[in-house]
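Biologist: I would like to learn how to read a structure step by step, beginning with a single feature and then moving outward. Could you take me through one, please?

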Amino acid sequence: MDLTQFPRVMLGHWPTPLEPMDRLRSHLGAACPKLYVKRDDCTGLATGGNKTRKLEFLMGEAQAEGAQIVVTFGAVQSNHARQTAAAAAKLGLECDLILLDMVHGRGPAYATSGNVLLDKLLGARIHLASPAAAQVTLQSILLKHKAAGRKAYVVPLGGSNSTGALGYVSAYRELGAQCADHNITVSAIVHAVSSGGTQAGLVAGAAFYDHRTRILGVNVSRPVGAGIADNVREIARETLERLEGVPPGLDRRVEVVDGFIGEGYGIPSDAMREAILLAARYEGLILDPVYSGKAFAALLSMVRAEKFGASDTVVFLHTGGNAVLPAYIGELSQ
Ligand SMILES: Cc1ncc(COP(=O)(O)O)c(C=O)c1O
């Protein structure tokens, strides 16, 4: 697989560690599969997370196109926005963040702490908007830059297109090399899915190598995950078209797990709280309430329901997100 054909800037710390979760495994009982965590919360770039991998290719493309400014979107507490702001700062680009009011009924900490504080420290310009006004806000920002003769590059929501997904094709290859070194065959990778680029890249990687590893994306952002699965399929297909072509059976590889979003995107659930406490107290791992906490809750539920065999190996991909914790201080410190 030749990823060197795409423009890329190095932003992260590679490879991220692959660590066994043996204490949690013994706690979960004899039927528990072997559990590992792939530490993409340790990718670097302003506390880390999955966006570093996507941004290496997206920012590479922005630089190749001669952009001076990057513009992107996200929820108010978006990890993607914070990491884009960090990448822009590191590369000497300006950054406009359109932060969308997607999570209602949160307190003042949600609006000012966590990722919002980091966005400000990183020097990004913040534009608050309702989801319905996102495109209008984008157009007015782009017009302003154009009028000033400056080139802006737009990073899609979550960095999820075939360029961003190349980062997770590369992650799949990296994980494959780590597993080969330790003689591990991975039955399934479990992670949080929202805009779909992470899962699309992993699915494209598994399809490229013709591995049977299941890629289980846990829906944390929509009432039902069917629309997410469609996005993932489309991005995975486009990504493979840019690599070596699309192997048969690609669509069947996309599995989105429903049932763990709770009351909605960004709203804490009891299963997420239990997951955060178990990961912290058995493995010293810090998850977040929006993404990795809900994905870990799904992993625990699947293990308890014996959806995997004791001889299987399951990797939890920790996609980061814990910079958001101060925004949830009320719920998590009780
Ligand atoms: C911490 C974290 N985990 C998982 C995801 C989901 O990744 P994707 O948008 O590629 O589906 C995100 C995306 O915003 C995230 O911030």
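Biologist: How many residues surround the ligand, and which are the closest?

Modeller: Before answering, please keep in mind that this is a predicted model. In it, 19 residues surround the ligand, and the closest are N79, T198, Y291, T319 and G321. A useful habit is to ask next which elements those residues come from: α3 (79-91), β7 (188-193) and α8 (197-208) each supply at least two residues of the shell, and α8 gives the most, with three residues.

Biologist: How do the residues of that shell divide into nonpolar, polar and charged?

Modeller: The shell around the ligand holds three nonpolar and 16 polar residues, and no charged ones.

Biologist: Where does the ligand lie with respect to the domains, and why?

Modeller: One first looks at how the chain is divided, which here gives domain 1 (18-49 + 164-332) and domain 2 (51-159). Because both domain 1 and domain 2 give residues to the shell around the ligand, the ligand lies between them.

Biologist: What separates the centres of the two domains, and how many residues does each give to the contact?

Modeller: Taken over C-alpha atoms, the centres of domain 1 and domain 2 are 25 Å apart, while the contact takes 26 residues from domain 1 and 27 residues from domain 2. On the side of domain 1 that touches domain 2, α7 (162-181) and α12 (329-332) each supply at least two residues, and the largest share, six residues, comes from α7. By class, that side of domain 1 has 12 nonpolar and 14 polar residues, with no charged residues.

Biologist: Since α7 has come up, how should I read the length of a helix, and which residues of α7 are buried?

Modeller: One compares the distance between the end C-alpha atoms with the span expected at 1.5 Å a residue; for α7, which has 20 residues, the distance is 29 Å, close to the expected 28 Å. As for burial, the buried residues of α7 include S162, G164, L166, Y168 and L175, and what covers the buried residues of this helix includes β1 (18-20), β2 (34-39), α2 (51-64), α8, α9 and β10 (313-318). Just after α7, N183 takes a positive phi of about 60 degrees.

Biologist: What do the same two readings, length and burial, give for α2?

Modeller: The 14 residues of α2 should span 20 Å at 1.5 Å a residue, and its end C-alpha atoms are 19 Å apart, which agrees. Because 10 of those 14 residues are buried, α2 is largely enclosed by the rest of the structure. Among its buried residues are K51, R53, L55, F57 and A62, and their cover includes β3 (69-75), α3, β6 (152-155), α7 and α8.

Biologist: Is N231 buried or exposed, and in which helix is it found?

Modeller: N231 is found in helix α9 (residues 226-242). To judge burial one counts neighbours, and since 20 or more other C-beta atoms within 10 Å make a residue buried, N231, with 21, is buried.

Biologist: Finally, how many helices and strands does the whole protein have, and how does its radius of gyration agree with that of a compact globule?

Modeller: The protein has 12 helices and 10 strands. For 334 residues, a compact globule would have a radius of gyration near 20 Å, and the protein has 19 Å, which agrees. Along its principal axes the C-alpha trace spans about 65 × 50 × 35 Å, and 50% of the 334 residues count as buried.

Note on methods. Residues numbered from 1 in each chain as written. Predicted model: local features only at pLDDT ≥ 70, side-chain atom pairs only at ≥ 80, totals over all residues. Near = placed C-beta within 6 Å. Helix = DSSP H or I, 4+ residues; strand = E, 2+ residues; numbered from the N terminus. Nonpolar A, V, L, I, M, F, W, Y, C, P; charged D, E, K, R; others polar. Domains from an automatic or database assignment. Contact = placed C-beta atoms within 7 Å. Buried ≥ 20, exposed ≤ 12 C-beta atoms within 10 Å, placed from the backbone. Rg over C-alpha atoms; globule rule 2.2 N^0.38 Å. Expected span 1.5 Å × (residues − 1).
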